[in-house]
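The following exercises call for reasoning from atomic coordinates to structural description. Please examine the sequence and the model before reading each solution.

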Amino acid sequence: MLKYIQKHTILSISVGIIFSCTLLVFFATEASYNAIEDASLWVRNYFGYFYLYLGFSCVLALLVIAYSRYGNIKLGKPNSKPEYSLWAWTTMLYSAGMGSGILLRAVQEPVFMQQNPPYASNLLPDTLALEYTFYQWGLTAWAFYGLFAMIIGYALYIRKKKVRISATIEDHVKSEFVKKGVDVITIITTVFGLIAAIGLGTTQIKGGLNHITDSNFGIVTTISLCVIISTIACYSAWQGVNKGIKIFSKLNIIVTFVILIFVFVTSDISTILISFATATLYYIIDFIPMSLAIGSYNPGLDFLTGWTFYYWAFWLSWAPFTGIFIARISKGRTIRQLLLGVLIIPSIGTFFWFSVFGASAFKLIEEWGVYNNEFGNVFSSIFVFFEHYPYATFLNITSVFLLISFLITSVDSAVFVLSMFTDNGSKNPSKIHRVIWSVFILLATIALVLLGNVKADINVLEAVQRLLIITSLPFAFLIVIMLGYFIKDLRKNKLEKSK
């Protein structure tokens, strides 16, 4: 395996950096955490608001492109049809783009926002809580994904480039060092975003197991779950998009939909629907001031650091592999169909999801009269929530399996994309690459879990927040450059065709 890595430069450099970081965390865990904490504070203080402005700019840019003449460009031959049906396409992009996060935050985040309003507002606390949750999970997140899907899709199917981020700028940048550097930065950012998701997801699964069995499983269980999930994901990635990833994606959406409908019909339906419609309306009205944190819509640096900056860093770190995966399954669609589909369909689904769980949780708190932070633990809140519904044990066990399946889908799609990056941009990368990435992602995830247990007063979530704000910063500047070159290419190609 080592000889194979040495023959592939980008693979060897990326794996070398990740392995070195992993060893450093293994042998100097507390020192590593302290260094990450100091660096994250520096990034927050100097570049925190840059994340906000970047997110808003991406949404605006994609809407302009979608409704411009460039929106008619088809990703493929002019007469080609979409490779996947709308249903299959939606399930795969949603599973890869959100995954276990919607279970992790389904109850905890809306309730936190209700109990701790981000800013003073004339809105009811319930409406403001859902509105701000929508903001952090809605258009901006999917704009990061859609931006990459559009740029990579154009490079793949119009310019006939290889599956590499550097392919989007190679006509403008001739330096091999710079191009390889871009690919390595992309890979490192992707890996850190992925291991963050696995670390959070496995910790929530452990929390569910503790709740269901009334046990106290510890770090060994978390690491064991990482091994199991990585192994299954490796097999799924080995099978490819159609045999492995597509099947798991459809399974995830079906089970998620069943749970959603069950909670919906066994809760106060009218309250949920009113909450969904009202919060969505105010989200649209307040989107610009929220996105720019203007005036009374500014929650303050501490709140933004703990929530919005972290979310934007998370979405950015997932953007490379999610965007490329979306591009990979979007052949035959126009740029307009791609952008509007990616922005609108999953956003509406996510809004309804949080409305169902959030409004139902608000109702429970109202009935209790006093809230004693029952939903305060991000890793167990949804399991506590289900205890107040029929078939609670079945719902909790199903949620554990759904969490596992979501993580498998996220990991297998990321492994597949990372393999495309490092196997000379191949659309069907070598299976050896898929195994290599599965192994090193597992090792890096274990290092993150250890990092999140280094001190009694921190957890995996806090370690992830600090890490991602650092690692996604170079990539945040890179996507500005990529978008600029992409627009330049669009205008150039249109001029050439008009001659």
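Three exercises on this predicted model follow, each with a worked solution.

**Exercise 1.** Determine whether the end-to-end distance of helix α9 agrees or disagrees with its number of residues.

Solution. Helix α9 covers residues 176–213, which is 38 residues. The expected span is 1.5 Å times one less than the number of residues. For α9 this gives 56 Å, and the end C-alpha atoms lie 55 Å apart, so the two values agree. Directly after the helix comes D214, with a positive phi near 55°.

**Exercise 2.** Classify K206 as buried, partly exposed or exposed, and place it in its helix.

Solution. K206 belongs to helix α9. Buried means under 20% relative accessible area. K206 has 16%, and therefore counts as buried. Its helix is mostly covered, with 28 of the 38 residues of α9 buried. As to distance, K206 and S230 are separated by 24 residues in sequence and by 16 Å between their C-alpha atoms.

**Exercise 3.** Identify which residues form the nonpolar surface patch and which helices supply them.

Solution. The patch consists of F257, I261, V265, I269 and L273, with about 420 Å² of accessible area together. Helices α11 (241–265) and α12 (269–292) each supply at least two of these residues, and α11 gives the largest share, three residues. One of the patch residues, I261, is in α11. Partly exposed lies between 20% and 50%; I261, at 32% relative accessibility, therefore counts as partly exposed.

Terms used: Residues are numbered from 1 along each chain as its sequence is written. This is a predicted model: local features need pLDDT of at least 70, side-chain atom pairs count only at pLDDT 80 or more; totals for chains, interfaces and linings use all residues. Side-chain values use heavy atoms; hydrogens and water are left out. Helices (H or I, at least four residues) and strands (E, at least two) are DSSP runs, numbered from the N terminus. Buried means under 20% relative accessible area, exposed over 50%, partly exposed in between (1.4 Å probe, protein chains only). Patches are made of residues with over 30% relative accessible area and no salt bridge: like charges are joined within 9 Å, nonpolar side chains (Val, Leu, Ile, Met, Phe, Trp, Tyr) within 5 Å. Accessible areas come from the Shrake-Rupley method with a 1.4 Å probe; for residues, only the protein chains shown count as cover. A salt bridge is a side-chain nitrogen of Lys or Arg within 4 Å of a carboxyl oxygen of Asp or Glu.
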